[in-house]
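Visitor: Hi, I'm new to this one. Could you walk me through it?

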Amino acid sequence: MGKLRGLIPPFLLVALWEAAAATGWLTLESLSRPSHILIAGARALMEGSILVATWQTIEAAALGLLIAVAAGVLSGVLIGLSRPLARTVGPTIEGLRPIPAVAFIPLALLYFGYGLPMEGAVVAYGCVWPVLVATASAVRGIEPRLLEVAAALEMSFAAKVWKIILPAAMARINLGVRVAAGFALVVAVTVEIVVNPRGLGYSLILAQQSLRVDLMYAQLIWLSFLGFVLNLALGRIGRASGASERAAQ
Amino acid sequence: MAHGHSAQDLMRPAGSAQPAMSVREVSLTLGGPPGRLILDAISFDVRQGEFLSIVGPSGCGKTTLLRLMAGLMPPTSGEITFEGAPVRRPSLSRAIVFQDYTNALLPWRTVSANIALSLEARGVARAERDDRVAALLKKMGLQHAAAQFPGQLSGGMQQRVQIARCLAQQPRIMLMDEPFGALDAITRQGLQDELMALAADEKMTVAFITHDLEEAIYLGDRVFVLAANPGRVVEEIEVGLERPRHQLLTREDPRFLKHRHRLFGLLQGH
């Protein structure tokens with residue numbers, strides 16, 4: 001009962017909304033009505049258009065995130081290990097980091113044209129910073145004794161990174177990746193709404209321009225569902241790594 | 001070469017091998033200039049196959065001395081050689097047992113995988129690793145803990161894991177920094193006896209740092225006493241107690257007590 005209680009407000013709202021629209025009391029076109037939204041959503045699912053758009057958005061978000069994680073972890077490890085390097089590139093990073101990723105859309109368009117690479121690049125720019133900053137601070141915080149163990153065993157730099165540094169920093173790197181992953185979806189949809197003719201963001205714009213308000217709402221609900229699933233998945237990954245961390249303490 | 005013999009050479013018994021490790025006029029200054037003199041012109045040899053205890057009060061630089069011997073840091077002046085070659089960086093042939101086993105073990109690896117780390121570092125083939133790890137687990141009494149993580153074990157067990165990992169290096173010297181300092185008395189005595197048996201079995205060369213003078217005498221073939229400010233060797237004794245030693249009988253032996261009195265006075269005097 002306690003859990004279900006949280007469902008009361010949305011159901012009540014939807015019921016009121018539907019009733020208001022059915023009795024003709026609510027005539028605003030921009031609000032559509034729940035039954036129409038449901039039908040539009042079901043139709044889009046069945047004909048597959050929303051699934052194709054979903055795949056395109058996820059593909060771009062994942063590509064960007066992948067690049068961001070690779071670049072962020074690599075540079076984060078180097079910056080975390082070397083104080084001189086951190087002092088050298090630190091101000092540059094702090095200068096680049098606050099630039100909103102979407103501000104790079106025009107530039108990315110010039111470089112890549114429309115399509116996946118351009119979207120992936122903007123997502124990557126937005127996502128690299130949380131990963132880089134989390135990795136660098138995690139690596140800086142590694143128990144110095146562990147690095148001495150690596151030295152005592154004459155490990156190569158690659159072995160030291162792979163066997164000592166990355167596992168030791170993994171929990172905190174994961175946190176950065178989780179923040180970045182949430183951000184990836186936001187940036188991808190934004191790029192699609194603003195300029196890129198693909199994915200869920202573009203579908204939203206198309207529905208709006210053709211005054212398919214019902215479809216717009218259906219897509220919004222679908223997006224919130226995607227975000228929910230993404231959070232759930234990331235939470236699970238986080239808990240799994242957290243659990244192994246706890247077992248290790 | 002008529003004048004080629006130093007006093008050190010003449011003091012050495014005829015026919016003895018070269019020392020495992022040789023520390024010559026080693027000084028260390030930190031900070032500054034002018035800085036603080038931590039170790040002042042320390043010279044000694046670690047003989048092949050001996051158990052050398054180095055005892056001193058806290059702040060005498062004994063841990064620092066061990067770090068220099070390991071190659072974890074360079075001395076400001078003087079030279080340390082191991083098997084005739086200068087020590088410049090850490091080496092697999094010189095295993096280091098740290099006091100803080102909790103920090104020195106990889107918390108995300110099981111006991112087996114922690115021991116295997118040394119084998120991986122030495123490039124031992126995967127197939128061979130399992131056998132080696134199993135043998136070391138048995139030797140250190142860790143069979144039942146093989147699949148556990150260090151955080152699930154008692155301090156004594158964790159220190160066993162670290163010692164096993166060091167043995168897996170197949171080192172030619174063990175450098176041990178107060179390895180039993182953080183353990184309770186009963187666990188410490190058990191590990192002391194195991195370590196001595198191990199050292200005897202493998203004919204290990206050991207340099208053992210401690211602040212506990214009874215431990216130094218009980219374990220050592222020789223004991224060096226360091227004094228603080230700056231750290232320097234003020235006394236060297238040959239223990240001369242036969243092995244195997246016994247926690248009660250050895251510690252009640254008049255020779256043990258004589259050493260203890262002498263060292264106690266030295267440590268109090270500074």
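Guide: Sure, we'll go through the two chains, their contact and a few odd spots in the backbone.

Visitor: Any ground rules before we begin?
Guide: Yes: residues are numbered from 1 along each chain as its sequence is written, while chains are lettered from A and ligands numbered from 1 in the order in which they are written. This is a predicted model, where local features need pLDDT of at least 70, side-chain atom pairs count only at pLDDT 80 or more, and totals for chains, interfaces and linings use all residues.

Visitor: Okay, chain A. How many helices and strands does it have?
Guide: Chain A has 10 helices and 0 strands. Both are DSSP runs numbered from the N terminus, with at least four residues (H or I) for a helix and at least two (E) for a strand.

Visitor: And what's its radius of gyration?
Guide: Chain A has 23 Å, whereas a compact globule of 249 residues would be near 18 Å. The radius is taken over C-alpha atoms, and the globule rule is 2.2 Å times the number of residues to the power 0.38. The C-alpha trace of chain A spans about 80 × 55 × 30 Å along its principal axes.

Visitor: What share of its residues is buried?
Guide: In chain A, 35% of the 249 residues count as buried. The label depends on how many other C-beta atoms, placed from the backbone, lie within 10 Å of a residue's own: buried is 20 or more, exposed is 12 or fewer, and partly exposed is in between.

Visitor: Now the place where the chains meet. How many residues does each chain put in?
Guide: Chain B gives 18 residues and chain A gives 17 residues. Contact here is when two residues have their C-beta atoms, placed from the backbone, within 7 Å. On the side of chain B that touches chain A, helix H3 (101–104) and helix H4 (111–121) of chain B each supply at least two residues. The largest share of that side, 3 residues, comes from H4(B).

Visitor: What kinds of residues are on that side of chain B?
Guide: The side of chain B that touches chain A has 13 nonpolar, 4 polar and 1 charged residues. Nonpolar covers Ala, Val, Leu, Ile, Met, Phe, Trp, Tyr, Cys and Pro; charged covers Asp, Glu, Lys and Arg; the others, Gly among them, are polar.

Visitor: How is chain B divided?
Guide: Chain B has domain 1 (18–93 + 172–270) and domain 2 (102–170); such bounds come from an automatic or database domain assignment. The C-alpha centres of domain 1 and domain 2 of chain B lie 25 Å apart. Each of these domains of chain B brings 7 residues to the contact between them.

Visitor: Let's zoom in on H6(B). Is it mostly covered or uncovered?
Guide: H6(B) is mostly covered, with 11 of its 14 residues buried. Among them are Val161(B), Ile163(B) and Leu167(B). The cover includes H3, H4 and helix H5 (126–139) of chain B.

Visitor: Does its length come out as expected or unexpected?
Guide: As expected: the 14 residues of helix H6 (residues 155–168) of chain B should span 20 Å at 1.5 Å a residue, and its end C-alpha atoms are 20 Å apart. The expected span is 1.5 Å times one less than the number of residues.

Visitor: What comes after H6(B)?
Guide: H6(B) is followed by Gln170(B), which has a positive phi, near 50°. Most residues other than glycine have a negative phi, and most peptide bonds are trans.

Visitor: Which other residue has a positive phi?
Guide: Glu25(B) is one of them, with phi near 50°. Glu25(B) lies in strand S1 (residues 21–30) of chain B, and Glu25(B) is exposed because 12 other C-beta atoms are within 10 Å. Lys203(B) also has a positive phi, about 50°. Lys203(B) sits in the loop between H7 and strand S8 (206–210) of chain B and counts as exposed, with 8 C-beta neighbours inside 10 Å.

Visitor: And where is there a cis peptide bond?
Guide: One runs from Asn229(B) to Pro230(B), with omega near -10°. Pro230(B) is in the loop between strand S9 (222–227) and strand S10 (232–238) of chain B. Another cis peptide bond joins Arg243(B) and Pro244(B), with omega about 0°.
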